[in-house]
Amino acid sequence: MTIKIKCPECENEGSISLLDQEFTGPYRCWKCRALYTINIHEGEIVSIEPLSEEALEKLKQLEELKKKFMRQ
Ligand SMILES: [Zn+2]
């Protein structure tokens with residue numbers, strides 16, 4: 001399914017494709033490049049909060065760590 005997301009910053013509408021109706025993760029506006037953490041529940045956007053580049057880097061590092069542990 002595709003979820004439409006309106007950027008709180010520039011009000012441009014973007015969309016993301018999801019495999020199911022639950023999602024929590026980073027979203028970047030294609031227009032103004034603003035970063036957000038979005039929380040989708042049952043196909044509806046529950047929250048959209050600003051996310052800093054720094055916080056995104058930390059998230060990525062966490063994912064990398066998880067992958068490393070999975071391999072062992
Ligand atoms: Zn935007």
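**Exercise 1. Leaving aside neighbours within four places in sequence, find which residues N39 is in contact with, and decide how exposed N39 is.**

Solution. Keep in mind that we're working on a predicted model.

- Step 1: place the residue. N39 sits in strand β4.
- Step 2: drop the neighbours within four places in sequence. What's left for N39 is contact with T24, V46 and S47.
- Step 3: count C-beta atoms. N39 has 15 others within 10 Å. A buried residue needs 20 or more and an exposed one has 12 or fewer, so N39 comes out as partly exposed.
- Step 4: try a pair across the sequence. N39 and P26 are 13 residues apart along the chain, and their C-alpha atoms are 9.0 Å apart in space.

**Exercise 2. Work out how strand β3 and strand β4 are joined, and what happens in the turn.**

Solution.

- Step 1: get the ranges. β3 covers residues 23-28 and β4 covers residues 35-41.
- Step 2: get the direction and the bridges. The two strands run antiparallel, with six bridges joining them.
- Step 3: look at individual partners. F23 has I40 as its bridge partner in β4, while P26 is bridged to T37 in β4.
- Step 4: close the hairpin. Six residues lie between β3 and β4.
- Step 5: check the turn backbone. R33, in the loop between β3 and β4, has a positive phi of about 65° although it isn't a glycine. Most residues other than glycine have a negative phi.
- Step 6: check the surroundings of R33. With 11 other C-beta atoms within 10 Å, R33 is exposed.

**Exercise 3. Do the same job for β4 and strand β5: which sense do they pair in, and over how many bridges?**

Solution.

- Step 1: β5 spans residues 44-50, and it pairs with β4 in the antiparallel sense over six bridges.
- Step 2: pick out partners. Y36 has P50 as its bridge partner in β5, and I38 stands opposite I48 in β5.
- Step 3: look at the turn. β4 and β5 form a hairpin with two residues between them. E42, found in the loop between these strands, isn't a glycine either, yet its phi is positive at about 50°.
- Step 4: count around E42. There are 8 other C-beta atoms within 10 Å, so E42 is exposed.
- Step 5: finish with P50, which lies in β5. P50 is exposed, with 11 other C-beta atoms within 10 Å. P50 and T37 are 13 residues apart in sequence, and C-alpha to C-alpha they're 6.3 Å apart in space.

**Exercise 4. Put the hairpins together: what's the strand order of the sheet, and why is one side of β3 and of β5 left without a neighbour?**

Solution.

- Step 1: recall the general rule. Strands of a sheet pair through backbone hydrogen bonds, in a parallel or antiparallel way.
- Step 2: write the order. The three strands make an open sheet, β3-β4-β5, with antiparallel pairing.
- Step 3: find the edges. β3 and β5 stand there with a single partner strand each, so each has one side with no neighbour in the sheet.
- Step 4: add the twist, which averages 25° from one strand to the next.

**Exercise 5. Test the length of helix α1 against the expected span, and say how many of its residues are buried.**

Solution.

- Step 1: α1 takes in residues 53-71, which is 19 residues.
- Step 2: at 1.5 Å a residue, the expected span is 27 Å.
- Step 3: compare. The end C-alpha atoms of α1 are 27 Å apart, which agrees.
- Step 4: count buried residues. The tally for α1 is zero out of 19, so by the cut-off of 20 or more C-beta atoms within 10 Å, the helix is hardly covered.

**Exercise 6. Zoom out: how many helices and strands does the protein have, and what share of its residues is buried?**

Solution.

- Step 1: the tally is one helix and five strands.
- Step 2: from the N terminus on, the elements go β-β-β-β-β-α.
- Step 3: box it up. Along the principal axes, the C-alpha atoms fill roughly 45 × 25 × 15 Å.
- Step 4: of the 72 residues, 3% are buried.
- Step 5: check contact range. Take contacts between residues at least 6 apart in sequence: 20% of these join residues at least 24 apart.

Notes:
Residues are numbered from 1 along each chain as its sequence is written. This is a predicted model: local features need pLDDT of at least 70, side-chain atom pairs count only at pLDDT 80 or more; totals for chains, interfaces and linings use all residues. Two strands pair if DSSP finds at least two bridges between them. Helices (H or I, at least four residues) and strands (E, at least two) are DSSP runs, numbered from the N terminus. Axes are lines fitted to C-alpha atoms, for helices over the stretch in contact, and angles run from 0 to 180 degrees between N-to-C directions. The expected span of a helix is 1.5 Å times one less than its number of residues. Two residues are in contact if their C-beta atoms, placed from the backbone, lie within 7 Å.
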